[in-house]
Amino acid sequence: MKKIEAIIKPFKLDEVREALSGIGINGLTVTEVKGFGRQKGHTELYRGAEYVVDFLPKIKMEMVLANELVESAIDAIIKASHTGKIGDGKIFVSSVEQVIRIRTGETGEAAI
């Protein structure tokens, strides 16, 4: 089992969710986060005062999948979230040792 964490632009959330749903992935967790990479933020004007926005709004998607779904999930995320501009995001893949469904006590892939 693998855990995929994807940091994407907020306006791409629906497209990515639909792409994942299209390949049979229904369970995921979404969190609104802030951060920056090469974008490094920008300046904005508010009531005549200029200020620096260091952290840009992003969406963090997390899902745990069976190994055979990982590559297709990564492809779906890349295709749906790509704009070609700086700040498109990142995907992180890590191994998951154990999954337990609290309600039923199921473990492993049956709990996903």
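A residue is called buried here when its relative accessible area is under 20%. By that criterion I59 is buried, because its relative accessible area is 6%. The structure in which this residue sits is a predicted model, and the paragraphs below proceed from the chain as a whole to its nonpolar core and then to four individual residues.

The secondary structure of the protein chain consists of two helices and six strands. Read from the N terminus, these elements follow the order β-α-β-β-β-β-α-β. The radius of gyration of the protein chain is 17 Å, whereas the globule rule gives 13 Å for 112 residues; the chain is therefore more spread out than a compact globule. Its C-alpha trace extends over about 55 × 30 × 20 Å along the principal axes. Of the 112 residues, 30% count as buried. The accessible surface amounts to about 7600 Å², and carbon and sulfur atoms hold 52% of that area. As for charge, the protein chain carries 16 positive and 16 negative side chains, with the centres of the two sets 4 Å apart. Contacts across the sequence are also of interest: among those between residues at least 6 apart in sequence, 72% link residues at least 24 apart.

The interior may be considered next. In soluble globular proteins, nonpolar side chains tend to be buried together. In this model the largest nonpolar core comprises 16 residues, and I4, V16, L20, M61, M63, L65 and I77 are those with the most contacts inside it. Two or more residues of this core come from each of β1 (2-8), α1 (13-22), β5 (56-65) and α2 (70-81). Which element gives the most to this core? It is α2, with six residues.

Two members of the core show how these elements meet. I77 is in contact with I4, A6, V16, L20, M63 and I91, leaving aside its neighbours within four places in sequence. I4, for its part, is found in strand β1. I4 is buried, since its relative accessible area is 0%. Outside its neighbours within four places in sequence, I4 is in contact with M61, E62, M63, L65, V70, A73, I74, I77, I91, F92 and V93. By way of distance, the C-alpha atoms of I4 and F36 are separated by 19 Å, with their positions 32 residues apart along the chain.

The buried residue of the opening paragraph, I59, belongs to strand β5. Apart from its neighbours within four places in sequence, I59 is in contact with A6, I7, I8, P10, L13, V30, T31, E32 and V33. One of these residues, I7, is 52 residues from I59 in sequence, yet the two are 5.6 Å apart in space, C-alpha to C-alpha.

From I59 the reader may turn to G35, which lies in strand β2. The C-alpha atoms of G35 and I59 are separated by 9.8 Å, and the two residues are 24 apart along the chain. Is G35 buried or exposed? With a relative accessible area of 17%, it falls under the 20% limit and so counts as buried. Once its neighbours within four places in sequence are set aside, G35 is in contact with F55 and L56.

The last residue, I23, lies in the loop between α1 and β2 (29-35). I23 counts as partly exposed because its relative accessibility is 34%, and this class covers values between the 20% limit for buried and the 50% limit for exposed. Leaving aside neighbours within four places in sequence, the contacts of I23 are with L69, S72, A73 and A76. Across the structure, the C-alpha atoms of I23 and K85 are separated by 26 Å, the two residues being 62 apart along the chain.

Key
Residues are numbered from 1 along each chain as its sequence is written. This is a predicted model: local features need pLDDT of at least 70, side-chain atom pairs count only at pLDDT 80 or more; totals for chains, interfaces and linings use all residues. Side-chain values use heavy atoms; hydrogens and water are left out. A nonpolar core is a set of buried Ala, Val, Leu, Ile, Met, Phe, Trp, Tyr and Cys residues joined through side-chain atoms within 4.5 Å. Buried means under 20% relative accessible area, exposed over 50%, partly exposed in between (1.4 Å probe, protein chains only). Helices (H or I, at least four residues) and strands (E, at least two) are DSSP runs, numbered from the N terminus. Contact means heavy atoms within 4.5 Å. The radius of gyration is taken over C-alpha atoms; the globule rule is 2.2 Å times the number of residues to the power 0.38. Accessible areas come from the Shrake-Rupley method with a 1.4 Å probe; for residues, only the protein chains shown count as cover. Lys and Arg count as positive and Asp and Glu as negative; His and the chain ends are not counted. The place of a charge is taken as NZ of Lys, CZ of Arg, CG of Asp or CD of Glu.
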